[in-house]
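Visitor: Please choose one part of this structure and look at it closely, and then show how that part sits among its surroundings.

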Amino acid sequence: MEYPHPYAPADLHLPGFVPLHLTQGEILVLYLGTSLFIVFTVWFISGRCGGRLSKTDCLLMCWWAFTGLTHIIIEGTFVFAPKFFSNQNPSFFDEVWKEYSKGDSRYVARDTATVTVEGITAVLEGPASLLAVYAIASQKSYSHILQFTVCLGQLYGCLVYFVTAYLDGFNFWASPFYFWAYFIGANSSWVVIPTLIAIRSWKKICAAFQVEKVKTKHA
């Protein structure tokens, strides 16, 4: 049986499409609840580091843990499950992407550029984000260089994501609600937060080089 889909454009062909089994509320509650659990767990653990870490570092550990697991688990399942929209017994992650595709149908349509960006994000930026958690907790010398690099990768991915949507016609959402809630809202964190972290890490790196320069001058 061929089910009608809720995506734009209306003539998008999705053979074997299976409608959502979960409601939007059920999906969001489980996703947001799990995300908050991860953030609070990392915050609690980071606070047990003997006072070595500032509150900013603890918050950064929460962010990198959240974004790393999101890249690997959520985005990774999209990349490696091309038939998520037609699974007869869909997993929670299949449901997440069917719901999110209401804000950007390039996901359910398996747009090449989108799959490529998400693949790079899941395979490279996800593990690097988790490495950043360790680097901050251990106060590694490469912490800020790593954070700066991952932030640039995230910002580049967002740039490609938005620009390709514009060049391809900017008509991938089912309604203005999904445009603002999913296409803009769900992605804005990966623009604003990486920008702020990149600026902070850049300043830290420059300050470290300045100190080294002074030491060398007086050696």
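Guide: A residue counts as lining a pocket when it has an atom within 4 Å of one of the pocket's grid points, and a pocket, unlike a cavity, is an open set of such points. With that in mind, the part I would choose in this predicted model is the second largest pocket, which has a volume of about 190 Å³. Its lining is made up of Leu30, Tyr31, Thr34, Ser35, Ile38, Phe66, Leu69, Thr70, Ile73, Ile74, Phe92 and Phe93. The elements that contribute two or more residues to this lining are α1, α2 and α3. Sorted by class, the lining of the second largest pocket holds 9 nonpolar and 3 polar residues, with no charged ones.

To place these elements, it helps to step back to the whole chain. The protein has 6 helices and 0 strands, which gives the pattern α-α-α-α-α-α along the sequence, and its C-alpha trace spans about 75 × 40 × 30 Å along the principal axes. Within this arrangement, α1 covers residues 24-46 and α3 covers residues 92-100, while α2 runs over residues 55-80. Proline 9 lies in the segment before α1, and the peptide bond that joins alanine 8 to proline 9 is cis, with omega about 0 degrees.

The packing of α1 on α2 is the natural place to begin. The axes of α1 and α2 are 9 Å apart, and the two helices pack at an angle of about 140 degrees. Since only angles over 145 degrees count as roughly antiparallel, α1 is therefore classed as oblique to α2. The crossing of α1 and α2 is right-handed. On the α1 side, the contact is made by Tyr31, Ser35, Ile38, Val39, Val42, Trp43 and Ser46, and on the α2 side by Lys55, Cys58, Leu59, Met61, Cys62, Ala65, Phe66, Leu69, Thr70 and Ile74. By class, the residues of the contact of α1 with α2 divide into 13 nonpolar, 3 polar and 1 charged. Several of these names return in the pocket, among them Tyr31, Ser35, Ile38, Phe66, Leu69, Thr70 and Ile74, which belong both to the lining and to the contact of α1 with α2.

The next neighbour is α3. Helices α2 and α3 pack at an angle of about 80 degrees, with axes 10 Å apart, which makes α2 roughly perpendicular to α3. Here Ile73, Ile74, Glu75, Thr77 and Phe78 of α2 meet Phe93, Val96 and Trp97 of α3, and the contact of α2 with α3 comprises 6 nonpolar, 1 polar and 1 charged residues. Ile73, Ile74 and Phe93 take part in this contact, and they are likewise found in the pocket lining. Ile74 is thus a residue to inspect in the viewer, as it is listed in the contact of α2 with α1, in the contact of α2 with α3 and in the lining of the second largest pocket.

Helix α2 also has a relation to α5 (residues 143-167), whose axis comes within 13 Å of that of α2 and crosses it at roughly 45 degrees. The two helices are therefore oblique to each other, and α2 passes α5 in a left-handed crossing. Leu60, Trp64, Thr67 and His71 of α2 meet Gln147, Val150, Cys151 and Gln154 of α5, and the residues of this contact divide into 4 nonpolar, 4 polar and no charged.

The remaining context is the largest pocket, with a volume of about 850 Å³. Of its 36 lining residues, the closest to its centre are Tyr31, Thr70, Tyr100, Ala186 and Trp190. Tyr31 and Thr70 are named in that group, and both also line the second largest pocket. The lining of the largest pocket draws at least two residues from each of α1, α2, α3, α4, α5 and α6, and α6 gives the most, with 8 residues. By class, the lining of the largest pocket divides into 22 nonpolar, 10 polar and 4 charged residues, whereas the lining of the second largest pocket has no charged residues.

Note on methods: Residues are numbered from 1 along each chain as its sequence is written. This is a predicted model: local features need pLDDT of at least 70, side-chain atom pairs count only at pLDDT 80 or more; totals for chains, interfaces and linings use all residues. Side-chain values use heavy atoms; hydrogens and water are left out. Axes are lines fitted to C-alpha atoms, for helices over the stretch in contact, and angles run from 0 to 180 degrees between N-to-C directions. Helices (H or I, at least four residues) and strands (E, at least two) are DSSP runs, numbered from the N terminus. Angles under 35 degrees count as roughly parallel, over 145 as roughly antiparallel, 65 to 115 as roughly perpendicular and the rest as oblique. A crossing is left-handed if the near helix is turned anticlockwise from the far one by less than a right angle, and right-handed if clockwise. Contact means heavy atoms within 4.5 Å. Ala, Val, Leu, Ile, Met, Phe, Trp, Tyr, Cys and Pro count as nonpolar, Asp, Glu, Lys and Arg as charged, and the others, Gly among them, as polar. On a 1 Å grid over the protein atoms alone, a cavity is a set of points where a 1.4 Å probe fits but cannot get out, and a pocket is an open set with protein on both sides within 12 Å along at least five of seven lines; lining residues have an atom within 4 Å of a point. Grid points are joined across faces, edges and corners, and a volume is the space filled by probe spheres set on the points.
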